[in-house]
Amino acid sequence: MSSKKVSWGLFSLLIVAILVLSACGPAAKTPVATKSTEVEVFSWWVGPGEADGLAAMVKIFNTEYPGVKFVNAAVTGGAGTNAKAVLATRLAANDAPDSWQAHAGQETIATYVTPGQVKPLDDLFASTGFDKVLPKTLLPLISQNGHPYSVPVNIHRSNVLWYNPKVLSAAGVTANPKTDFKTLDDFFAACEKIKAAGKICLSLGAPWTAIHLFENIMIGTIGADKWNGMWTTPPTTDWAGADVTAGIANFAKALSYTNSDASTMSDWQPASKMMVDGDAAFNIMGDWAYGYFANPAPNGLALKPHVDFDWAVAPGTYGIFNFLSDSFVLPTGAKHPDATIDWLTVAASKAGQEAFNPLKGSICARTDCNQALFSEYSQDAAKDWTSNVVVGSLMHGVVAAPAWSTSIGTAISLFQADTSKTADFQAALVAACKADGTCK
Ligand code: GAL
């Protein structure tokens, strides 16, 4: 073997070694992408009537993604009163959960999209076909500059008047809530009878439920167009004007028929329970209450629709669907982005939504769910969603940014303490609108 041949052989070996090493090189430097093994999902679905739907969707998730552990980071407290504060603290500390519950509308846009806390989901919407089935009303409420930023899982109705038929008939109320409460005065006439019979007319719970009541009394007084006009920039309904004054007068009257211990109640459930227990005739609450009334024990009360409880829309709101929608987001800098996409894929899916919504009392945020899986109540709601005039909820994040709705909530709490101060209350509402920048 000549030395020339040897050195040529060595040279070839060297070349091969360099090629092999350079092929391996990048892989050695970049860690091999491993699939996340968990996803932490943050919501406020803990209590009775809240947890069942989430559990059903998690079951679907576990079947479809057995390698990913679902970590339930739910924080108790209806309407997210505690949860949102906890979430804000976590976000400020750079400790974002992998996904969290956010209401479609101003809550998502002002709190999470504008400050860049969440990522656009165009790819997920396209790859799952969610963009084809999401109701058109919802798209602008989760979008900025044409990009969607959250996955809506449901549509809830805020303006539901739940009632106890036995209490009504025992008090001699002959008016039918489904057809005869065209105005607030029609409703107040029934309240007089109920009061005379020694019962509470309208049960009310923890402070946030007063904001929920306020929005529905205001809509019942001024109607859909003027309600919408309170939230346009600039508002076409004058916050200092006679329409809002009339809504405030009706709100004061409605409060006069509520239980005096409302502000000490822990949440919405005790107030809804007062009604089904026969201590109160009516309760105005979103249709998550349906899950609480009808779901099996221990989370539900396993009650019979039309017998133990019944429903109509809030007085004065026939033909109006006051809505809200829960959605989930993909944080910027998520700890487990691929598992978050898995979660959002289930949240967007037909199977996920068909498991979740029948137990949650909501309807799907998809146009193709099988209605046979839903209760009579939800089937009614689904029909109304497509045929009624749809307006957005204040308490549940649709029409106002959180800072504005918090100021309105503070004004409502003060007013609850002394309902004779109607002018002060209206002035506080005007100030809140100005502070938001919507009113001049
Ligand atoms: C709403 C939420 C509903 C329900 C309700 C009571 O804000 O959108 O899903 O959980 O609060 O907690």
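**Ligand surroundings in a predicted model**

Student: How far is an oxygen atom of the ligand from an N or O atom in the side chain of histidine 156?
Tutor: In this predicted model, local features need pLDDT (confidence per residue, 0 to 100) of at least 70, side-chain pairs count only at 80 or more, and totals for chains, interfaces and linings use all residues. Residues are numbered from 1 along each chain as its sequence is written, and side-chain values use heavy atoms, without hydrogens or water. For histidine 156 the distance is 3.5 Å.

Student: What share of the ligand's exposed area does the protein bury?
Tutor: A side-chain N or O atom of glutamate 50 lies 2.3 Å from a ligand oxygen. Taken alone, the ligand exposes 300 Å² (Shrake-Rupley, 1.4 Å probe), and the protein buries 100%.

Student: How many residues of the shell around the ligand are charged?
Tutor: The ligand is surrounded by 13 residues (a heavy atom within 4 Å), with Glu50, His103, Asp326, Lys360 and His396 closest. Six are nonpolar and four polar; the charged ones (Asp, Glu, Lys and Arg) number three.

Student: Over which residues is the pLDDT below 50?
Tutor: The chain's mean pLDDT is 93. Low-pLDDT coordinates should not be read in detail. The stretch below 50 is residues 1-31.

Definitions and conventions:
A polar contact is a pair of N or O atoms within 3.5 Å; within protein, one must be able to donate a hydrogen and the other to accept it, and residues adjacent in sequence count only if both atoms are side-chain atoms. Contact means heavy atoms within 4.5 Å.
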